[in-house]
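Biologist: I have a structure open and want to learn how to read it. Where do we start?

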Amino acid sequence: MDLFVINGGHALSGETRISGSKNAALPILFASLLTKERCEISNVPELKDVQSAYDLLNRLGKNCFYGYGNFIAEEHSEINPIAPYELVRKMRASILAAGPLIARFGKARFSLPGGCTIGVRPIDMHLEAFKQLGVEISHDKGDVLMTAKKMHPNRIKFRFPSVGATENLMMAASLIDGETVLENCAREPEIEDLSAVLVKMGAAVIGAGTGVIKIKGKPALNGFSHSVMPDRIETGTFMLLCAAAGGKITLLGADSKPLSALIRAMRKAGVKISCGKGVITVSAEVSRPKPVSISTKPYPGFPTDLQAPWMAFMAQCSGECEVHEKIFENRFMHVPELARMEANITVMDRKAIIHGVPGLMGAPVMASDLRAGAALVVAAAAARGTSIIRRIYHIDRGYEKLELKLRELGADVRRRKDDGSIK
Ligand code: EPZ
């Protein structure tokens, strides 16, 4: 296992390029299961989660190449629609293979993805919606068995705008003759990226990015070539890194449009942000940000994936503010670690009250999940002194070449083996 050694407390400067979006790339990789033709996906970030998708696609029978930002999926052998536990447990998003598999092959066996630190993460909405398309669902030793003689279109309304359920059902409906209407859909930009791919494959998809998506499927879909959109969560994380540590940075290949909720909140806190075409510049001229309370919401509200980095930024605010986590039931695992860096945060159920402190202090801390780990990096860059962040394999799941990019932005960070020699 690796760790980060970060000497913080100094202003940042420099520029770095934003990678392709993890949360756009994953559903698009699984969309390759909808066709036997060649699929070429570029701007794919080099991440553990993408490696997990690669492993699962090959286990299912695809022939994939993945390297240098490119992902090629071909099909030269029979697909075996069984997703085993040892692969599914590594990455919950593996459930996104279910829609394509059941729609194309009429059967799929799936290990139920377990929960994770941020919550139980059920898939009831996915399964409930599949049933409304004619899928029979049963359970056996922790696996979900799905069979469908003939799937049919339907009008489906989600009880909550679930990102994954919206994506899974869009993909399944793309192979069903007739029009399926999905209501109360998630509106995340990653869903629009997936929609663009499904249209390239030959499905008629309208309404992605709104609450109602209509999909007219085809009996067979074509291969596609697509470049993945920039990662808005990586972008927001680096913006908060600069806001917390101070200084001025430029993010290249960044799209500000999907980040309006974050940008509004950061500007309220006193951070200067300028957005050009594909470029975002952040300069933090205030020593302590003004306190700004946020609540996480489905898109276009404040993204839950930036809640932890936001809290690391607000830890040094010049007053008191609140963070309400309304999407996941247990997404405050970063709080006790931030407290080790002298943050003063009180948690009550899904609400955190932040009592701003003049400055954080470096300390040994531990990442518990991807975005909590990102929050510790933000805090360590702002904190005076040295921080050691352990279990950074959580962070490697979602941030490509992180220490290289941090150094490009002027942070003093080194990756080391966690062999017990560093205290
Ligand atoms: C996607 O997860 C993202 N992952 C998450 O990013 C992100 O936090 C989340 O959307 C919300 O924006 C990917 O895109 C790969 P949901 P997903 O279904 O699809 C509950 C990261 O850090 N729910 O919108 O799993 C669920 O428990 C990751 O990059 C059900 O109850 O999220 C949660 O409370 C973390 N039943 C809420 O809905 C279901 O069937 C939102 O989940 C499905 C979801």
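Biologist: Which helices each supply at least two residues of the shell around the ligand?

Modeller: Helices are DSSP runs (H or I, at least four residues), numbered from the N terminus. Four qualify here: H1 (22-31), H5 (124-131), H6 (163-173) and H12 (370-382). H5 gives the largest share, three residues. One caution: this is a predicted model, where local features need pLDDT of at least 70, side-chain atom pairs count only at pLDDT 80 or more, and totals for chains, interfaces and linings use all residues. Residues are numbered from 1 along each chain as its sequence is written, and side-chain values use heavy atoms, without hydrogens and water.

Biologist: Which residues come nearest to the ligand?

Modeller: A residue is near if one of its heavy atoms lies within 4 Å. Of the 21 around the ligand, Asp-124, Met-125, Ser-162, Asp-305 and Ile-327 come nearest.

Biologist: Which polar backbone atom is 2.6 Å from a ligand oxygen?

Modeller: A polar contact is a pair of N or O atoms within 3.5 Å. The 2.6 Å case belongs to Ile-327. Met-125 has a polar backbone atom 2.8 Å from a ligand oxygen. For a backbone N or O atom of Gly-164, the distance to a ligand oxygen is also 2.8 Å.

Biologist: Why does the ligand lie between the domains?

Modeller: Domain bounds come from an automatic or database domain assignment. Domain 1 (2-19 + 230-417) and domain 2 (22-227) both give residues to the shell, so the ligand lies between them. Their C-alpha centres are 31 Å apart. In the contact (heavy atoms within 4.5 Å), domain 1 places 25 residues and domain 2 places 22.

Key: Polar contact = N/O pair within 3.5 Å; in protein donor to acceptor, adjacent residues only side chain to side chain.
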